[in-house]
Amino acid sequence: MKKTDTRVQYTKSVLRKAMLTLLEQTPIGKITIKDLCEEAGLNRGTFYLHYNSPYDLLKEIEDQFIDDNMTFFSSYWNSQRDFDRMAGLFACILNNKEVCRVLMGCNGDPQFMLSLKSLAKDGVLDEWQKEFPTHDRQELDLLFDFVFAGSMELILSWSANDHGLSAAEFAERLERLGHYCLLAVGKFSSRND
């Protein structure tokens, strides 16, 4: 039994690595089972023992990433954030930078980014609503979309080339940018009152 489990784990690991390698250059919609099998050095029958399509494999990679980091992410988004916690978030991303870069990049599945956004959105909006109780939730929702998209681009850039910034330094700069966005919301809202 244990020998079978080890073989299954090995096969899935090889297929995951092949998928991530292919996604570096090819959009998910253009990756075929043949491509995956050639990259992994496995036959199609072995692939079909575990997955029905490349999308199934990608979904498993995404789910595994979220599961492995869910405790960390949920504790980050669902509590009062501080600098150390934010630095920890980016250290986590840096430790998984190859996976993050591929999953969050242009060749990954856009649904993955929507999943991450969904995980973060309510907690962040609730926190912002406490800070700006007179602001319209819809206005804060627009700000969140703006900040999330910009943050993801910066995270991708930083994970590909850290620009000489540690996780703590990057966290501090991103926190500062987020603060500027919140200040802008305060100014924008006060002009409309």
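This briefing walks through the side-chain contacts and surface features of the structure above. The model is a predicted one, and the values below are computed from it. A search of the whole structure finds eight salt bridges, four aromatic pairs and zero disulfides. Helices 7 and 8 are a good place to start, since a salt bridge between Asp141 and Lys121 links helix 8 to helix 7.

**Salt bridges between helices 7 and 8**

- Asp141 and Lys121 form a salt bridge whose closest N and O atoms are 2.7 Å apart. This pair links distant parts of the chain, with Asp141 in helix 8, Lys121 in helix 7, and their positions 20 residues apart.
- The two partners differ in cover: Asp141 is partly exposed because its relative accessibility is 26%, while Lys121 is buried, with a relative accessible area of 17%.
- Asp126 and Arg137 also meet through their side chains in a salt bridge, at 3.0 Å from N to O. Asp126 belongs to helix 7 and Arg137 to helix 8, so this contact ties together parts that are eleven residues apart in sequence.
- Asp126 counts as partly exposed at 38% relative accessibility, and Arg137 counts as partly exposed at 32%.
- Lys117, Lys121, Asp141 and Asp145 are joined into one network by salt bridges that share partners.

**Helix 2, inside and out**

- Helix 2 spans residues 33-40, and its residues Ile33, Leu36, Cys37 and Ala40 are buried. These four sit on the same side of helix 2 because they cover an arc of only 95° around the axis.
- Helix 2 also holds a salt bridge between Lys34 and Glu38, with the closest N and O atoms 3.9 Å apart. The two residues are four apart in the helix, so about one helical turn separates them.
- Glu38 is exposed, with a relative accessible area of 55%.
- Gly41 follows helix 2 and has a positive phi, near 70°.

**Aromatic contacts**

- Among the four aromatic pairs found in the structure is an edge-to-face one between Phe65 and Phe112, with 6.0 Å from centre to centre and 65° between the planes. Phe65 lies in helix 4 (residues 54-77) and Phe112 in helix 7 (residues 110-131), so to speak a link between distant parts of the chain, 47 residues apart.
- Both Phe65 and Phe112 are buried.
- Phe144 and Phe148 form a stacked pair, 5.7 Å from centre to centre with 25° between the planes. They are four residues apart in helix 8 (residues 137-160), which means that about one helical turn lies between them.
- Phe144 counts as buried at 3% relative accessibility, and Phe148 counts as buried at 12%.
- Phe47, Tyr48 and Tyr51 come together as one aromatic cluster.

**Cysteines**

- With zero disulfides found in the structure, it is still worth looking at where individual cysteines lie. Cys100 is buried, with a relative accessible area of 1%, whereas Cys106 counts as exposed at 77% relative accessibility.

**A nonpolar patch on the surface**

- Leu154, Leu177, Tyr180 and Leu183 make a nonpolar surface patch of about 370 Å².
- Helix 9 (residues 167-192) gives the largest share of this patch, three residues.
- Leu183 is found in helix 9 and counts as partly exposed, at 46% relative accessibility.

Terms used. Residues numbered from 1 in each chain as written. Predicted model: local features only at pLDDT ≥ 70, side-chain atom pairs only at ≥ 80, totals over all residues. Heavy atoms only, no water. Patch = residues over 30% accessible without salt bridge, like charges linked within 9 Å, V, L, I, M, F, W, Y side chains within 5 Å. Areas by Shrake-Rupley, 256 points an atom, 1.4 Å probe, with all protein chains shown as cover. Salt bridge = Lys/Arg side-chain N within 4 Å of Asp/Glu carboxyl O. Buried < 20%, exposed > 50% of the residue type's maximum accessible area, 1.4 Å probe, protein only. Phe/Tyr/Trp six-rings, centres within 6.5 Å; stacked < 30°, edge-to-face > 60°. Arc of directions from axis to C-beta. Disulfide = S-S within 2.5 Å.
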